[in-house]
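This report describes the surfaces that face each nucleic acid strand, the contact between the protein chains, and the relation of one copy to the other. The sequence and the model are shown first.

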Number of protein chains: 2
Amino acid sequence: MATRRETRREALRANLIEAAARRIAEGGLAALRARDVASDAGCALGGIYTAFKDLDDLVLHVNARTLERMGDRLAEAARNRRGGAALKALATGYARFARQNRNLWDALFDHRMADGGPSPDWLLSGHLALLEYLTAPLAAIHPELSGKALQLRARSYFAAVHGMVSMSLQRRYLGLPEDALEPELEAFVDVVAGGARRGARRGARRGALGDRTRPAGT
Amino acid sequence: MATRRETRREALRANLIEAAARRIAEGGLAALRARDVASDAGCALGGIYTAFKDLDDLVLHVNARTLERMGDRLAEAARNRRGGAALKALATGYARFARQNRNLWDALFDHRMADGGPSPDWLLSGHLALLEYLTAPLAAIHPELSGKALQLRARSYFAAVHGMVSMSLQRRYLGLPEDALEPELEAFVDVVAGGARRGARRGARRGALGDRTRPAGT
DNA sequence: CAGAAAAATGAACGTCGTTCAGACCACTCG
DNA sequence: CGAGTGGTCTGAACGACGTTCATTTTTCTG
């Protein structure tokens, strides 16, 4: 048991992740500098490379931390909600987390590996975990979808919501104005839920599904 | 009329844009190197900075070229189609253009200005032009939406489709498998079109709207 | 405590975008 | 036509960056 070394090593890794996260949160991923992170974390420049393979590796760990926090937020949003209400809470919870942690959230999707290769599996599984929150309410709304098709549909809706949030938050191009995002997300979920149920009783315009709406399949 | 100078200047600009586009298409935006572009275009390194403000500026012009080509593709896709059929053709046309020009298409959305500022207006209007293709078919399907709300809804659906395409094409994270993208897009458009019409006569599962389906509002 | 192994250090390296002083060239006007 | 003028081209030089590495320092082991 080499406690002393391992303790220091883990402390350094945690310091570096924290320092990098702070720099990204402040100035965005593009403003991340190895020298800044090292000095913030209180180690020499080369120390980064004893704790992590390279800056990419460090960013991946920051992203894993961000993913965890987002997962917590989504879990809280979906708690005690079902069907359309859960989908709405997840969508708006996603949008709010993204807005409140814009630079860290951007880093999740802006970051590219230096060699263009894929992200490591351990980070990918962190992303996949987010889908879990979606499948249950979606299954309630789409009772006709089997496991495989349900997974695809969950990815589709996640990607669609992500696109709306993403384009709205980066203020360029075709994004929705910030105050229009959440209403549009709710309208979108209404269409998804209402369309799947083929003719919601209370119409499909807006707010058709209250927070307490029970899923169609139960 | 300083023809000689202006001719050479425009020729150099065109060469540089073409060279940069080729490099981006081959290796992605991250692989773009000022020295490569200059040597490809047959000018010295510094020549770039007599024709463009900086590399960002050059990339913006490559992106404008890409936007134009995508606009042409979308116009062709929507031609002679209305309502849901037009939306479907636009979505799949978008997905195919993205897949066939992956690196150039990625550059459209990956690129960030060096100072973090917004893209110039002349490029933004190129993006806005894409929305025009959406509004007409969307208006046919959503006859209840006014001009302002229609614009918002168009942005929402564009962003949603973009999100699905974008996450599918970058093979990491939560993207749809490539062969599942177009079916999911079509299912999505069905939900959008069917949901808006509140109970399509032929059910909302899949392929509910044939190519010749007339918009609901006429 | 001595020897070995791991980690920390920061100067140095290679690469990048950008700049700039000088060479070059196209245009103007006497 | 020909000298002056001002834009353009050139590539060496610059500063910033991520990464490496020889060296020193710290930690573990017997």
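## Surface near DNA strand C

DNA strand C is surrounded by 25 residues, of which A:Ala44, A:Gly46, B:Arg4, B:Gly46 and B:Asp54 come nearest; a residue is near a strand if its C-beta atom, placed from the backbone, lies within 6 Å of it. Two or more residues each are given to this surface by α1 (3-27) of chain A and by α1 (3-27), α2 (34-41) and α4 (55-78) of chain B. Helices are DSSP runs of H or I with at least four residues, numbered from the N terminus. With 4 residues, α1(A) gives the most.

By class, the surface near DNA strand C holds 11 nonpolar, 5 polar and 9 charged residues. Here Ala, Val, Leu, Ile, Met, Phe, Trp, Tyr, Cys and Pro count as nonpolar, Asp, Glu, Lys and Arg as charged, and the others, Gly among them, as polar.

The model is predicted: local features need pLDDT of at least 70 and side-chain atom pairs count only at pLDDT 80 or more, whereas totals for chains, interfaces and linings use all residues. Residues are numbered from 1 along each chain as its sequence is written, while chains are lettered from A and ligands numbered from 1 in the order in which they are written.

## Surface near DNA strand D

Around DNA strand D lie 25 residues, and the closest are A:Arg4, A:Gly46, A:Asp54, B:Ala44 and B:Gly46. At least two residues each come from α1, α2 (34-41) and α4 (55-78) of chain A and from α1 of chain B. The most are given by α1(B), with 4 residues. This surface divides into 11 nonpolar, 5 polar and 9 charged residues.

## Contact between the chains

Chain A and chain B each bring 39 residues to their contact, two residues being in contact if their C-beta atoms, placed from the backbone, lie within 7 Å. On the side of chain B, α7 (121-141), α8 (147-169) and α9 (178-196) each supply at least two residues, and α8(B) gives the most, with 11 residues. That side comprises 20 nonpolar, 13 polar and 6 charged residues.

B:Tyr173 is located in the loop between α8 and α9 of chain B. Leaving aside residues up to four places away in sequence, B:Tyr173 touches A:Leu124, A:His127 and B:Met167. B:Tyr173 counts as buried because it has 21 C-beta neighbours inside 10 Å (buried: 20 or more other C-beta atoms within 10 Å; exposed: 12 or fewer; partly exposed: in between).

## Symmetry of the copies

A turn of 180° with a shift of 0.0 Å along the axis lays chain B on chain A with an RMSD of 0.0 Å, the copies being superposed by least squares on C-alpha atoms of residues with pLDDT of at least 70 in both. This is the relation of a two-fold axis. Both copies use the same surface, as 100% of the contact residues of chain B recur in chain A.
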